[in-house]
Amino acid sequence: MSVEIKVSGQTVTAFIKGDIDHHTAGEMRRLIDNSIDLNTPSLLSLDFSGVSFMDSSGIGLVMGRYRNLSKYGGSLRITGAGEQIYKVMKLAGLEKLAILEK
Amino acid sequence: MTAVNKFSMNMMSKSANEGFARAAVSAFVSQLDPTLEEINDIKTAVSEAVTNCIVHAYKEGYGKIYISAEIFDNKSVKITVRDKGCGIENVNKAMEPLFTTVGGERAGLGFAVMQSFMDNVKVRSKIGKGTTVVMEKRISLRYSANAQK
Ligand SMILES: Nc1ncnc2c1ncn2[C@@H]1O[C@H](COP(=O)(O)OP(=O)(O)OP(=O)(O)O)[C@@H](O)[C@H]1O
Ligand SMILES: [Mg+2]
């Protein structure tokens, strides 16, 4: 599990790697929230191309970050989600909260 | 429909075991030659059921999680995840999408994922005794030399 953060202008991109489950989600949340607090980005882009598996803990992770961004009007984008992850995201209706780019 | 193979195991309710549980069940089911999507559906459903034992059933500490899987001659699989934790007061309500007793970072979608990714999900629970989740899925018929031997 790792989260690599890149800041470019008003955009923060978080490159998430590994499985997202209840075991890993807490630390991922901490790392992403640190950079939201530090940069208050207008766009948070979550890059899922390094994520091999995600369950509903990942949905909680995305929804929680959406809530934090919404507090000040920031928006959320999700990129690089593979088939399994996309299926879980669609079930949760995450396309209503974030720009979902496959 | 008769059972042709079975495995069972138990493990401590540590979050580090979530990945292990998914991997163990999916490795067992792989003898049915499932598609990648079918194996991912099963992995996700198992992860939900096991995580619920860790997060909810044994929220006060640690306990044992009992996992078993049975394969039937019609290429279906039945997975059972059982705990001896706190139990669920109202199972029907708990299974409603977005229902959660833990605020904050939980979406309340675990049961919705299990129901959508598996063909059949049954939950039995008793307060103070524990919870049993039984999930069934048919694996598609494909040409395969190894299946069901
Ligand atoms: N094994 C269990 N023991 C006790 N209570 C449980 C168990 N499984 C589920 N529950 C109860 O059912 C509720 C709904 O479970 P579900 O998995 O759908 O959502 P969640 O776990 O709260 O959130 P998410 O799975 O999206 O992270 C839980 O909040 C919990 O109260
Ligand atoms: Mg759950």
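Contact here means heavy atoms within 4.5 Å. By that criterion, in this predicted model, 22 residues of chain A and 25 residues of chain B take part in the contact between the two chains. Together the chains bury about 1,800 Å², with 55% of this area on carbon and sulfur atoms. On the side of chain A, the greatest losses of area to chain B fall on A:H22, A:K87 and A:L91, which together account for 31% of what that side buries.

The interface also has a polar component. Between chain A and chain B there are 14 residue pairs in polar contact, both residues being at pLDDT 80 or more. The elements of chain A that each give two or more residues to the side touching chain B are α1 (22-39), β3 (43-54), α2 (56-70) and α3 (83-92). Of these, α2(A) contributes the most, with 9 residues. By residue class, this side of chain A comprises 8 nonpolar, 7 polar and 7 charged residues. Across the interface, 5 salt bridges are found. In a salt bridge between B:D41 and A:K87, the side chains meet at 2.8 Å, N to O.

Attention now turns to the nonpolar cores. In soluble globular proteins, nonpolar side chains tend to be buried together. The largest nonpolar core holds 37 residues, among which B:I42, B:V50, B:I65, B:I79 and B:M135 touch the most other members. Helix α2 (residues 36-57) of chain B supplies the largest share of this core, 9 residues. Leaving aside residues up to four places away in sequence, B:I42 touches B:V25, B:V29, B:V77, B:I79, B:M118, B:K137 and B:I139. A second, separate core of 33 residues includes A:V3, A:L61, A:M63 and B:V113.

How values were computed:
Residues numbered from 1 in each chain as written. Chains lettered and ligands numbered in written order. Predicted model: local features only at pLDDT ≥ 70, side-chain atom pairs only at ≥ 80, totals over all residues. Heavy atoms only, no water. Buried area = accessible area lost by both parts, 1.4 Å probe. Salt bridge = Lys/Arg side-chain N within 4 Å of Asp/Glu carboxyl O. Polar contact = N/O pair within 3.5 Å; in protein donor to acceptor, adjacent residues only side chain to side chain. Helix = DSSP H or I, 4+ residues; strand = E, 2+ residues; numbered from the N terminus. Nonpolar A, V, L, I, M, F, W, Y, C, P; charged D, E, K, R; others polar. Core = buried A, V, L, I, M, F, W, Y, C linked by side-chain atoms within 4.5 Å. Buried < 20%, exposed > 50% of the residue type's maximum accessible area, 1.4 Å probe, protein only.
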